[in-house]
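Dear colleague,

I am handing over the structure below, and my notes on what was found in it follow underneath. Please read them with the coordinates open beside you.

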Amino acid sequence: MPELISSLRAIVGASHVLDPADPAVDLAPYTRDWRKRYQGRARAVVFPGTPIEVAEVVRLCHRLGVALVPQGGNTGLVGGGVPDESGQQVVIQVGRLNRVRRIDKANLTMEVEAGCVLAHAQQAATAAGLMLPLSLASEGSCTIGGNLASNAGGTQVLRYGNAREQCLGLEVVTPEGAIWNGLRGLRKDNTGYDLRDLYIGSEGTLGVITAAVMRLQPAPIGVVTALATCADLVDATDLLVQAQARCAMTLTGFEVMNRTSIDLVRRHFPQLAQGVPAANWTVLIELSGPTSEGMTRLQLEELMADCMDRGLIDDGLIAVSMQQSRTFWHLREAIALAQSQEGLNVKHDISLPVSAIGEFVAGADAAIARHVPGARMVCFGHLGDGNLHYNVQAPEGQDPAAFLKNHEAGLNALVYDAVVHRGGSISAEHGIGRLKRDELRLRHDPVALALMQRIKSALDPSNLMNPGKVL
Ligand SMILES: Cc1cc2nc3c(=O)[nH]c(=O)nc-3n(C[C@H](O)[C@H](O)[C@H](O)COP(=O)(O)OP(=O)(O)OC[C@H]3O[C@@H](n4cnc5c(N)ncnc54)[C@H](O)[C@@H]3O)c2cc1C
């Protein structure tokens with residue numbers, strides 16, 4: 001398709017288009033997803049440098065009837081950011097749109113381009129004496145645009161909400177190539193349908209996000225982190241209730257990790273698990289106080305002592321330095337990486353009412369043990385948000401690829417049936433992408449699905465924006 005490649009080059013410059021016909025280029029970083037479950041083929045990968053270039057690329061593809069796949073850091077876990085196997089889709093990579101345009105300290109907002117890596121946006125907020133409290137283990141690679149397109153969650157949702165709650169405005173290139181400027185840093189704006197909320201979480205199927213206005217927060221003064229061990233998830237849930245009752249305004253993290261999760265980190269990253277007591281469940285608690293570190297520490301010590309007296313905590317460790325606090329977080333964040341080192345596994349990113357979680361995990365663990373004896377349940381996540389990563393790894397010594405092939409459908413049915421039965425969601429924070437598209441069709445409310453389909457048809461009648469994802 002020489003016309004397409006030469007026209008793309010005319011828009012963004014020759015060096016910003018990768019052509020698969022060129023034997024010197026490696027397209028794999030843009031066509032294979034992070035989990036290595038999907039290996040697509042692209043007609044081209046294009047790197048626009050401005051929103052106007054994005055709009056021109058989109059208009060060109062619209063005219064030629066070529067489908068586009070928006071892509072940021074390509075850290076998504078549901079196969080949403082990579083092209084299909086047809087070799088007909090163009091990947092529109094927004095990584096060159098990476099500027100923090102401005103920080104408004106009085107309004108507590110940041111205007112930032114979609115390709116800005118989340119960690120860079122966080123650093124810019126910190127340099128201004130403020131905080132962007134969106135935090136994921138992938139923050140060194142994922143981008144603001146990807147975070148918004150997938151409505152990312154992460155470790156501070158409990159206090160600050162997910163990406164949706166942290167975004168006040170968007171700039172979007174529509175499927176026809178118009179630029180919608182919705183970059184308003186307003187906390188109140190009731191002017192008709194909320195297009196911002198429509199685009200957040202749309203996973204690249206309704207347009208390309210090119211910039212956003214994000215809310216910032218005053219930086220906390222005292223941040224203190226602890227690990228606590230619990231005999232079971234019911235005790236961990238009671239600990240959460242106590243933490244919320246006593247420290248609601250300062251509680252910024254409440255993560256749980258089961259024994260198997262920590263064992264995997266011990267195996268693949270032993271330095272991160274040094275000194276961590278073995279337990280059925282380990283809880284990471286973080287308080288971020290507006291006054292001194294001493295006051296925050298005291299609050300955490302009192303919470304831990306009281307919960308030990310109540311028998312909810314068996315053992316506890318309060319970090320004595322920021323360095324140790326970071327090590328605790330690395331332990332938590334390394335679980336996903338340890339799992340990928342261990343091999344392919346069946347992943348479930350689910351949410352439930354917090355009150356239903358203990359019963360769900362006990363029931364699902366028992367059912368899976370019967371279904372695949374020896375299967376290892378790697379369960380960890382954001383208990384404070386009712387969001388668990390309930391993943392299943394092959395029994396020790398079994399081939400992970402064969403395990404995935406033979407058991408994925410059965411395990412999905414088992415887990416998702418139990419989740420839906422208890423009023424939960426089959427995707428808490430990772431989205432639908434390609435991985436969960438069929439599950440969505442099977443399990444979502446049919447009226448909601450029909451409305452989504454009508455929104456998609458109205459905004460993208462030619463179905464050229466990330467086709468085959470979500471719906
Ligand atoms: C180790 C690890 C830990 C993770 N932890 C978390 C976690 O705690 N919480 C969480 O929510 N997620 C987590 N993720 C998943 C992932 O990092 C997030 O979904 C992230 O928000 C994706 O950002 P990205 O820039 O990499 O997007 P990509 O992977 O590039 O794309 C994701 C989706 O967004 C679309 N998209 C990307 N950019 C744009 C754009 N500019 N405009 C329109 N659509 C776009 C893509 O088409 C795709 O559908 C984790 C991933 C890894 C690898």
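Please keep in mind throughout that this is a predicted model. I begin with helix H3 (residues 51–64), which lies across strands E5, E8, E9 and E10 and runs at about 45° to E8. Those strands belong to an open sheet of 5 strands, whose order is E5-E6-E10-E8-E9 and whose pairing is antiparallel. At its edges are strand E5 (100–104) and strand E9 (179–182), each of which pairs on one side only, and from one strand to the next the twist averages 10°. Within this sheet, strand E8 (residues 167–173) and strand E10 (residues 208–215) are joined in the antiparallel sense over 6 bridges, and Glu171 has Ala211 in E10 as its bridge partner.

The ligand may be of most interest to you. It is surrounded by 35 residues, of which Pro70, Thr75, Gly76, Ser138 and Thr143 are the closest. With regard to polar atoms, a polar backbone atom of Pro70 is 2.6 Å from an oxygen atom of the ligand, a backbone N or O atom of Gly76 lies 2.7 Å from an oxygen atom of the ligand, and a polar side-chain atom of Glu429 lies 3.1 Å from a nitrogen atom of the ligand. On its own the ligand has 970 Å² of accessible area, and the protein covers 96% of that. The shell around the ligand draws at least two residues from each of strand E3 (68–71), helix H5 (144–149) and E10, with H5 giving the most, namely 4 residues. By residue class, the shell divides into 12 nonpolar, 21 polar and 2 charged residues.

There is also an open sheet of 7 strands, in the order E15-E12-E14-E13-E17-E18-E16, and its pairing is antiparallel. Because strand E15 (315–318) and strand E16 (349–351) stand at the edges with a single partner strand each, one side of each is left without a neighbour in the sheet. The twist in this sheet averages 20° from one strand to the next. Strand E12 (residues 222–230) pairs with E15 in the antiparallel sense over 4 bridges, and there Leu227 stands opposite Leu317 in E15.

Two helices should be viewed together with this sheet. Helix H12 (residues 354–371) packs on it, touching strand E14 (281–289), E16, strand E17 (376–382) and strand E18 (387–393), and its direction makes about 10° with that of E18. Helix H13 (residues 400–421), for its part, lies across E16 and E18 and runs at about 150° to E18.

With best regards

Conventions:
Residues are numbered from 1 along each chain as its sequence is written. This is a predicted model: local features need pLDDT of at least 70, side-chain atom pairs count only at pLDDT 80 or more; totals for chains, interfaces and linings use all residues. Side-chain values use heavy atoms; hydrogens and water are left out. Two strands pair if DSSP finds at least two bridges between them. Axes are lines fitted to C-alpha atoms, for helices over the stretch in contact, and angles run from 0 to 180 degrees between N-to-C directions. Contact means heavy atoms within 4.5 Å. A residue is near a molecule or strand if one of its heavy atoms lies within 4 Å of it. A polar contact is a pair of N or O atoms within 3.5 Å; within protein, one must be able to donate a hydrogen and the other to accept it, and residues adjacent in sequence count only if both atoms are side-chain atoms. Accessible areas come from the Shrake-Rupley method with a 1.4 Å probe; for residues, only the protein chains shown count as cover. Ala, Val, Leu, Ile, Met, Phe, Trp, Tyr, Cys and Pro count as nonpolar, Asp, Glu, Lys and Arg as charged, and the others, Gly among them, as polar.
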